[in-house]
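User: I would like a close look at the salt bridges in this model, and at what surrounds their partners. Please take me through them one at a time.

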Amino acid sequence: MASNTESKELPPKEQYVSDSETSSETTEALLKSAHRKVDKRLLLWYAFVYLIMRIHVSNISNAAIINLEEGTGIRKQLGNLSSSQWAWALSIFYYPYMFFEPIATLALKHFSPSVWMSRIMITWGIISMCQGATQNYAGILACRFFLGAAEAGFYPGVLYHFSFWYPTHRLAFRIAFFYACGMFSGTVSGLLAYAISFMNGVGGLAGWRWLFILEGIPAILCGIYTFFYLPNYPENALFLTEDEREAVIADLPKQAPTMTAKTFNLAQAKGLFTDPTFIPFLMIWITHGIGGWGISFVLPTVIYELGISNTAISQIMTMPPFTLVFVILLTLAFLVHTRRLSPWVAGLGVEITQIVCYILLITVKHAVAKYIFVMIATAASQSFFALMWPERIRAARGTTTAGLAIGITNASCQLMGIVGPQIYQPKFGPTYRVSFICSICLLSATLGAVLTSWFFVARGDKKRAIEEDAKREQDV
C-alpha cells in the first residue's frame, strides 16, 4: 500500500519534461532580454564610435586628393611632399599603434572600460584636430605618431570588452555588425570629404585643414558620453535586473574573462605563446593586413588615377566599395551566426575572391572594369577579419590570455599601415601592377595560414571534447 501511495504522489514523467522545458524557455527568454539591453548600451554605442574612429583613420587618404585642382592640396602646402614622404606620413601612425596595442588592451581591464575608452576618444579627437594646424612634414609626422599612440587599444579593447559579456558563439554577428559600421565610415568619410572640399578658403584655411578639424570634434563628445554611460561588466551593470545579470554570467564559458580575475596572469601569458595556434593566427593578420588592406589606405588616389573623374567625384566614388563591405559582411556573418556557413570557409572564400580581383586588375585595361574590381577587392578584404575574430577569441582561454591574444594579434596587423602604403605608393600608379602582384603573393600566404589555424583549432576542440567526456564518465 505504501508503495502504491508513493507512486500516486509522484508527478507523471510528462510533468518533469514540461517543467524542464518551461524552465529552459524562461531562462532563454531572460537571457535574450538581457542581451537586447546589452546590445543597446554596448554594441550600438561601440559601433557608432567605431564609425567615428574609422573616419579619422581614413580621412588622411581623403585629404591626399582634396582640392588638388585649386593648388591647395595637403602635400603641396606641407612642402611639396614626395611620394616616399607621403607614404611615411601614412605609415608612422601605425608604429605606436602596433607597439602599444597589447598593453593598451590589458589597460582596459586595469582602469575599467568606461575610463580607458573615454581617454582614448578624447585624446584622439584633440590630436586629430591638431593635424589641421600642421605646417610642414615634421609637423604632420608628429601628429600622426601621437594620433596612433592615442588610438591604440580601441578596436582590440572593444573585442576584449565584448568577451566579458558574450560567449564566443554569440559574437560572430555582433562583431560583424560592429566591424561593418566601422567600414561604412568609408562611405561617410568620402561624402564628408566631398562636402568639406567646398569649404576650401573659408577662414583662410584649405579644405584638408577643415577636414581634420571638423572630424575631430565628434570623438571628444563621444569620449565624454562614454565616461558616464558605458557599462563596464555584467557583475555591476545597473541597467540589468538581478536575474538578468545572473543569466548573462551563467551563459559565459568558464574560460571567459571576468571582472574579478587578475589583469595579468603569468601562467596564462606563457600558455598563449606556447599554443600551436599563436603563430598561424599572427600570420593570418599580418599577411592579410598588408596584402588585403594595403589598397584601402590609398583608395581615393587609386580611383582618381583610373582617370574616370576629378578629385571631388573620386571622393564620392570611394563610397560604393565601403557600402558593399557593409552588405557582404553582414550577409556572411548572418550565415555564420545561423551555422549555415563555417567562418573558416567564409574566410577562405573572401581571400580567393580578392586574389582573383587583383589578377584581373593586372590584366584588364578598361577603367570602369578596373573600378569594379577595385570595389569588389576592397569589400572582400575588409570583410575578412570580422569573420575570423570569433575563432581567434575562442582559441584564447582566460582573462589575461584573451586580452593579450586580442592585443598582440591586432598589433601584428598594424604592419598593414606600415608596409601597405609603401606597396601602394603613387609612384606605382596609375597601373599599380607591382602593388597588385605583392598583394596576390601575400594573400596566397594567408590561405595557407587560415588552413593551418583551422587544423590546430579543430584538433584542440577535439582534444577538449575527449577530456570533458572522460571527466563526465569519472563523475558518474
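Analyst: In this predicted model, Lys 37 and Glu 244 bring their side chains together in a salt bridge, with a distance of 3.0 Å from N to O. Lys 37 belongs to helix α2 (residues 13–63) and Glu 244 to helix α12, so this pair ties together parts that are 207 residues apart in sequence. The two partners can also be described by their accessibility: Lys 37 is partly exposed, with a relative accessible area of 29%, whereas Glu 244 counts as buried because its relative accessibility is 4%, and buried means under 20%.

Helix α12 also supplies a partner to another salt bridge, in which the side chains of Asp 251 and Arg 170 meet at 2.8 Å, N to O. This pair again links distant parts of the chain, since Asp 251 lies in helix α12 while Arg 170 lies in the loop between α8 (154–163) and α9 (172–183), 81 residues apart. Both Asp 251 and Arg 170 are buried.

A salt bridge within one helix is formed by Arg 464 and Asp 461, whose closest N and O atoms are 3.1 Å apart. Both residues lie in helix α22 (residues 433–475), three residues apart, which is about one turn of the helix. Arg 464 is partly exposed, at a relative accessible area of 26%, and Asp 461 is likewise partly exposed, at 27%. Through salt bridges that share partners, Glu 391, Arg 394, Asp 461 and Arg 464 are joined into one network. The count of salt bridges comes to seven.

The loop that leads towards helix α12 deserves a look as well. Pro 231 is found in the loop between α11 (207–229) and α12 (242–251), and with a relative accessibility of 8% it counts as buried. Leaving aside neighbours within four places in sequence, Pro 231 is in contact with Arg 41, Leu 42, His 161, Trp 165 and Phe 239. Pro 231 and Pro 113 are 118 residues apart in sequence, yet their C-alpha atoms are 7.8 Å apart in space.

Finally, a polar side chain outside these salt bridges can be set beside them: Thr 105, in helix α5 (residues 94–111), counts as buried at 0% relative accessibility. A polar atom of the Thr 105 side chain lies 2.8 Å from the backbone oxygen of Glu 101. Not counting residues up to four places away in sequence, Thr 105 touches Pro 156, Gly 157, Tyr 160, Gly 403 and Gly 407.

How values were computed: Residues are numbered from 1 along each chain as its sequence is written. This is a predicted model: local features need pLDDT of at least 70, side-chain atom pairs count only at pLDDT 80 or more; totals for chains, interfaces and linings use all residues. Side-chain values use heavy atoms; hydrogens and water are left out. Helices (H or I, at least four residues) and strands (E, at least two) are DSSP runs, numbered from the N terminus. Buried means under 20% relative accessible area, exposed over 50%, partly exposed in between (1.4 Å probe, protein chains only). A polar contact is a pair of N or O atoms within 3.5 Å; within protein, one must be able to donate a hydrogen and the other to accept it, and residues adjacent in sequence count only if both atoms are side-chain atoms. Contact means heavy atoms within 4.5 Å. A salt bridge is a side-chain nitrogen of Lys or Arg within 4 Å of a carboxyl oxygen of Asp or Glu.
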